[in-house]
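Work through the exercises below with the model open beside you, and try each task before you read its solution.

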Amino acid sequence: MLPSPGRKGSAFRSLGPGRRGSCALPHVHIFFLCREALRPQPGYSSHLGHTKAVFSTHRSLLPTGRSNPFTINCSGFDQHGVDPAAFQTIFNQKDFRPVINYSIPTQVNISFTLSAILEVDEQLQLLTSFLWLKLIWNNPFISWDPEECGAISKLTVTTENLWLPDIFIVESMDVDQTPEGLSAYVTNDGHIVYNKPMRVTSICSLDIFYFPFDQQNCTLTFSSFLYTVENMLLGMEKELWEIVDTSRDIVRTQGEWELLGINKATPKMSVGSSLFDQIVFYVAIRRKPSLYVINLLVPSSFLIAIDALSFYLPAESENRAPFKITLLLGYNVFLLMMNKLLPASGTPLISVYFALCLSLMVVSLLETIFITYLLHLATTQPPPMPWWLHSLLLHCTSPRKCRPTALWKENVGPGFRPTHPPGPKEPGQLVGKELGPREAELNEGSGLTSTELADLWVQFSHMMDTFLFRLYLLFLASSIITVIILWNN
């Protein structure tokens, strides 16, 4: 045994009967801190030479302390398991950052695998993801020779017995829910590899205008909560393309989001007079739109197309208005049923599309009602047509069915008595029915017979139908082109 000066007992217990003490066995170099340097005692020099122990002096964590390597027994680890007493000194140092010189910062290398995107909350602007975080750092007080320890080069140690870097995600909005009882790998050269699963709920500025063809860019910033750049530096354990490829292969198999890419930056974070090292990962994700295209856009387009085809029904038909009312009610029921698929906040482009569809259907119904009213007046008492409306009809209809503009202006010019164009019927006649004096006077003021006025109002009704039908076709074509462009981007 190697007694400690000025203390009762010994620094380490013997690891078994028949052995020559912990310092005389095959060696694992474990550096530990003490208030005084261990001094070899008289009579033990032969044992120390036999075990090839190496004594060197290092600067301690304490102002006057030193660290010394010594050898402890590691034989039988491959047959009987690891003796916890061999690492007890290291376990006792878990409350302190493991460095020989406290002015040297600890290098912590980071990598992660984005295994799932669980939820994107547009209303709360939150991204919930699942990560496998990997941290690697070095403990200079741990070292052993694998050849003298049964070719063991790596051991697992519970994290409760090790110093762990306080790495956290700045954007996280939830308490760290890392499971307890995790272990870390400890290698023979002092490297510690710690893997832990993390469910991260982080703040993300979400732009849902192009929903469901939206792309989001979220950040995951890894930093230390306590250690400044004088005590801890962060680095990359893997190349960025390795992280992207591994994460993309896993995320691709599940969920409604796909990973586009990951970029990184290494700015410093200044908090008051303290400077912290950090690594910022920019995660670009895109929503898979198939679900929303099939359940939202396709049914809406079908209803709009059917409403457009209803213009082929005769304007005089009594079934046209009820048909459009039925379509309008069906579209409102569809919007109520599919409302849960839309974002709870904001005004995405698809909501604008639905509002335009609903507006077109309402305008179409109002136009049908107006045309029905006009046709009813045209067959009873056709009102006089304003000259600007008559001029518009001249440009939109065949000249054979309308009077020339010059003749119209001549007949209604001030100081001129309207002339009656040649026609089969006089102003006082309409389909064999005589009109009253007031109606006849109005018709004479425009220079048109009642039959011609009725024809003009019918032509105006057809022109409105044609215009609205073409507007429907233009809207459908624009919608399809927009969907294709957004889907391919």
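**Exercise 1. A leucine in a loop**

Task: Decide whether Leu342 is buried or exposed, and describe where it sits and what surrounds it.

Solution: Begin with accessibility, keeping in mind that this is a predicted model. Leu342 has a relative accessibility of 17%, and because the cut-off for a buried residue is under 20%, Leu342 counts as buried. Next, find its place in the chain: Leu342 belongs to the loop between helix H6 (320-337) and H7. Then look for its partners, setting aside neighbours within four places in sequence; Leu342 is in contact with Phe211, Leu296, Ile350, Ser351 and Phe354. One of these, Leu296, is 46 residues away in sequence, yet the two C-alpha atoms are 9.2 Å apart in space.

**Exercise 2. An isoleucine in a strand**

Task: Carry out the same steps for Ile169, and find which residues it is in contact with.

Solution: Ile169 is placed in strand S8 (residues 167-169). Its relative accessibility is 4%, so Ile169 counts as buried. When neighbours within four places in sequence are left aside, the contacts of Ile169 are Leu131, Met198, Val200, Leu220, Thr221 and Phe222. As a further step, consider Thr219, which is 50 residues from Ile169 along the chain, while 9.6 Å separates their C-alpha atoms. For the protein as a whole, among contacts with a separation of 6 or more, 74% are between residues 24 or more positions apart.

**Exercise 3. The disulfide and the loop beside it**

Task: Find which residues the disulfide joins, work out its handedness, and then examine the peptide bond between Phe211 and Pro212.

Solution: The structure has one disulfide. It joins Cys204 to Cys218, with 1.8 Å from S to S. The two residues are 14 apart, with Cys204 in the loop between strand S10 (191-203) and strand S11 (215-224), and Cys218 in strand S11. For the handedness, read the torsion about the S-S bond of Cys204 and Cys218, which is about -80°, so the disulfide is left-handed. Both Cys204 and Cys218 are buried.

Now turn to Pro212, which is also found in the loop between S10 and S11. The peptide bond that joins Phe211 and Pro212 has an omega of about 0° and is cis. Most peptide bonds are trans, and most residues other than glycine have a negative phi. With that in mind, look at Gln125, whose phi is near 60°, a positive value in a residue other than glycine. Gln125 lies in the loop between strand S4 (106-121) and strand S5 (126-138), and at 27% relative accessibility it counts as partly exposed.

**Exercise 4. A pocket and a cavity**

Task: Describe the second largest pocket by its volume, its lining and the helices that supply that lining, and then do the same for the volume and lining of the second largest cavity.

Solution: The second largest pocket has a volume of about 420 Å³. Its lining consists of 22 residues, and those nearest its centre are Leu297, Tyr353, Ser479, Ile480 and Val483. Helix H5 (290-309), helix H7 (349-378) and helix H11 (450-488) each supply at least two lining residues, and H11 gives the most, with eight. Sorting the lining by class gives 18 nonpolar, four polar and no charged residues.

For the cavities, the count comes to four of 30 Å³ or more. The second largest cavity holds about 40 Å³ of space. It is lined by Ile90, Gln93, Lys94, Phe96, Pro98, Asn139, Phe141 and Trp163. By class, this lining has five nonpolar, two polar and one charged residues.

**Exercise 5. Comparing a record with the model**

Task: Find where UniProt places the feature "transmembrane region", and check how much helix the model has over residues 291-315 and 467-487.

Solution: The UniProt record, an unreviewed entry, places this feature at residues 291-315, 321-338, 350-375 and 467-487. In the model, residues 291-315 are 76% helix and 0% strand, with 38 Å between the end C-alpha atoms. Residues 467-487 are 100% helix and 0% strand, and their end C-alpha atoms are 30 Å apart. To finish, set these spans within the protein, which has eleven helices and 17 strands, and in which 43% of the 489 residues count as buried.

Methods: Residues are numbered from 1 along each chain as its sequence is written. This is a predicted model: local features need pLDDT of at least 70, side-chain atom pairs count only at pLDDT 80 or more; totals for chains, interfaces and linings use all residues. Side-chain values use heavy atoms; hydrogens and water are left out. On a 1 Å grid over the protein atoms alone, a cavity is a set of points where a 1.4 Å probe fits but cannot get out, and a pocket is an open set with protein on both sides within 12 Å along at least five of seven lines; lining residues have an atom within 4 Å of a point. Grid points are joined across faces, edges and corners, and a volume is the space filled by probe spheres set on the points. Helices (H or I, at least four residues) and strands (E, at least two) are DSSP runs, numbered from the N terminus. Ala, Val, Leu, Ile, Met, Phe, Trp, Tyr, Cys and Pro count as nonpolar, Asp, Glu, Lys and Arg as charged, and the others, Gly among them, as polar. A disulfide is a pair of cysteine sulfur atoms within 2.5 Å. Buried means under 20% relative accessible area, exposed over 50%, partly exposed in between (1.4 Å probe, protein chains only). UniProt positions are given in the numbering used here, feature names are shortened, and annotations may be inferred rather than shown by experiment. Contact means heavy atoms within 4.5 Å.
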